Amino acid sequence: MSNPPCAGQAATLRGKPGPTAAAPVYRSDRLRFRHLRLLDLVHRNGSLGSAARALGISQPAATLLVRELESAFGASLVLRDRRGARLTAAGRRALERLRIALSSLEQAVAAAGTPDVPPLLRVGAVQVAGIRAIPRALAALERSGTLGRIQLREGRARDLLEALREGDIDCVIGWMDESLADAVPPSRLSIQPLWYGRMQVVASTKHPLARSRSVDVAALASWQWIVPPPGSRTHAAFLRLFLHNGVPVPPVAVECSSLHTVLHVVAATRCLAVAPDVVVGHYAKQRAVAALKGPALELGRNQVSLMALRDSDALAAVRSFREALLAAVP
C-alpha cells in the first residue's frame, strides 16, 4: 500500500488550501521553467492531466511540481475537484506576473540563438498611429542605423493592453484613460504621453453637409452611417454625439473595423462617419473627405501615449523607439 499524502498535499488535491507552512520550504531559486509553464497550462486546459501531457511528464510528476511551486510561493495555487483543476486567486495573481517572465525567457532564448540578428521589438498600436507617428519614427530609426527588427500589431487599445499584460508585446501606442485602467493596473505601466487627438464627424467632399458652415446634430440623424463595431472608442464617440445632444441614435448602415476602409467608403458614398482628426486630415489633403463644422460636433480630445510594463521599460529597443516617437510627433 502506498503511503498516504501529507496533509498539505491532500488538502490541495481536495480543493482546499493546505497548511503549506508545515511542509518543507522549496526554494524559489530551484524553480525550473516547467514549474512556471505548469501554472499556465493548468489555467488554459483546466486539467492537471492535460497540463502534464503538454509538458511530457506523468500526472504524479505534475502533482509534485504543484507542491514545489506552492512551497516556494507559500500559498495554495491549484485547486482540483470533479470538474478538473483551476488556479486559486493566488495562482491567478502569480500567473499574471509569470506570463511576462515566460515571454521574456522565450525572447531571451531566441535572442541567444541568433546573436547576430537584432532583437525583435513587438509593438502594438491603434490604427491612428500608423498615419504619421509610426512611419516618421521608423524613418528616423532607419536614418540612424538603429531600425533593427520591429513587429507591428494593430488593434483596439484594450486588446493591445491585455496583450501587453500577458507579455505578448513589448509596448503599446494607444489611448489610456479611466475606461481602460482595468486592462493593466496603471501602477505597472510606464506611460509616455505623445499627442492629443480629437474625433471629428466626416463626410465626402461632395456631400451636401460638407458645404454647410455649421451642422446641427439633428441634421446628421437623417443620413446613413458607417461605424466601427461596439466596444471601440470611435463607436463610443458616435453614440455620444447623439446621446449628449438629445437626438435618437440613427441605425448603422455599415459596420467596419478598418479605419481606412471607413474613410474610403465615406469618400465614395453619402455615408457619414466619426474618425480621429489625424486620419481625417490625411484624407482631407487628398480632397477625399471633409470634417463637418458645428459647435455641437465637438467630441472632446483624447491622449495617445506609449505604454510599456515597468519590467520591460529598460529594454534598449523600447527606449530607442520612444525617443524616435517623441521626435516624430508634433
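## His 43 and the β1–β2 hairpin

In this predicted model, His 43 is partly exposed, because its relative accessible area of 38% falls between the limits of 20% for buried and 50% for exposed residues. His 43 is found in helix α2, which covers residues 33–45. Leaving aside the neighbours within four places in sequence, His 43 is in contact with Leu 87, Leu 95 and Arg 99. His 43 and Arg 86 are 43 residues apart in sequence, yet their C-alpha atoms are 6.0 Å apart in space.

Leu 87 also belongs to a pair of strands, since it is the residue in β2 that stands opposite Val 78. Strand β1 (residues 78–81) and strand β2 (residues 84–87) run antiparallel and are joined by four bridges, and with two residues between them they form a hairpin.

## His 235 and helix α9

Is His 235 buried or exposed? His 235 is buried, because its relative accessible area is 12%, which is under the limit of 20%. This histidine lies in helix α9, and, once the neighbours within four places in sequence are left aside, His 235 is in contact with Val 227, Pro 228, Pro 229 and Pro 230.

## The largest pocket

Helix α9 (233–243) also takes part in the lining of the largest pocket, where α9 and α7 (157–166) each supply at least two residues. The largest share of this lining, seven residues, comes from α9. The space in the largest pocket amounts to about 610 Å³.

In total, 29 residues line the largest pocket, and those nearest its centre are Arg 156, Trp 175, Ser 232, Arg 233 and Thr 234. Sorted by class, the lining consists of 14 nonpolar, 10 polar and five charged residues.

## Nonpolar cores

In soluble globular proteins, nonpolar side chains tend to be buried together. The largest nonpolar core in this model has 55 residues, and the members that touch the most others are Leu 161, Ile 173, Trp 195, Phe 321 and Leu 325. Apart from this core lies another, of 21 residues, which includes Leu 220, Trp 225, Ala 290 and Leu 297.

For Leu 325, the contacts can be listed by name: leaving aside the neighbours within four places in sequence, Leu 325 is in contact with Ala 133, Ala 137, Ile 173, Leu 194 and Leu 306.

## The second largest cavity

How many cavities of 30 Å³ or more does the structure hold? The structure holds two of them, and the second largest cavity contains about 50 Å³ of space. The residues that line the second largest cavity are Val 128, Arg 132, Ala 133, Trp 195, Val 278, Val 329 and Pro 330. By class, this lining has six nonpolar residues, no polar residues and one charged residue.

Two of these names have already appeared in the account of the core: Trp 195 is one of the core members that touch the most others, while Ala 133 is one of the contacts of Leu 325.

## Helix α11

Val 278, from the lining of the second largest cavity, is also one of the buried residues of helix α11 (residues 277–285), together with Val 279, Val 280 and Tyr 283. Which elements do the buried residues of α11 pack against? They pack against β6 (189–204), α10 (259–268), β9 (273–276) and β10 (289–291). After α11 comes Arg 287, whose phi is positive, near 60°.

Note on methods
Residues numbered from 1 in each chain as written. Predicted model: local features only at pLDDT ≥ 70, side-chain atom pairs only at ≥ 80, totals over all residues. Heavy atoms only, no water. Buried < 20%, exposed > 50% of the residue type's maximum accessible area, 1.4 Å probe, protein only. Contact = heavy atoms within 4.5 Å. 1 Å grid on protein atoms, 1.4 Å probe; cavity = no way out; pocket = protein on both sides within 12 Å on 5 of 7 lines; lining within 4 Å. Points joined across faces, edges and corners; volume = space filled by probe spheres on them. Nonpolar A, V, L, I, M, F, W, Y, C, P; charged D, E, K, R; others polar. Core = buried A, V, L, I, M, F, W, Y, C linked by side-chain atoms within 4.5 Å. Pairing = 2+ DSSP bridges.
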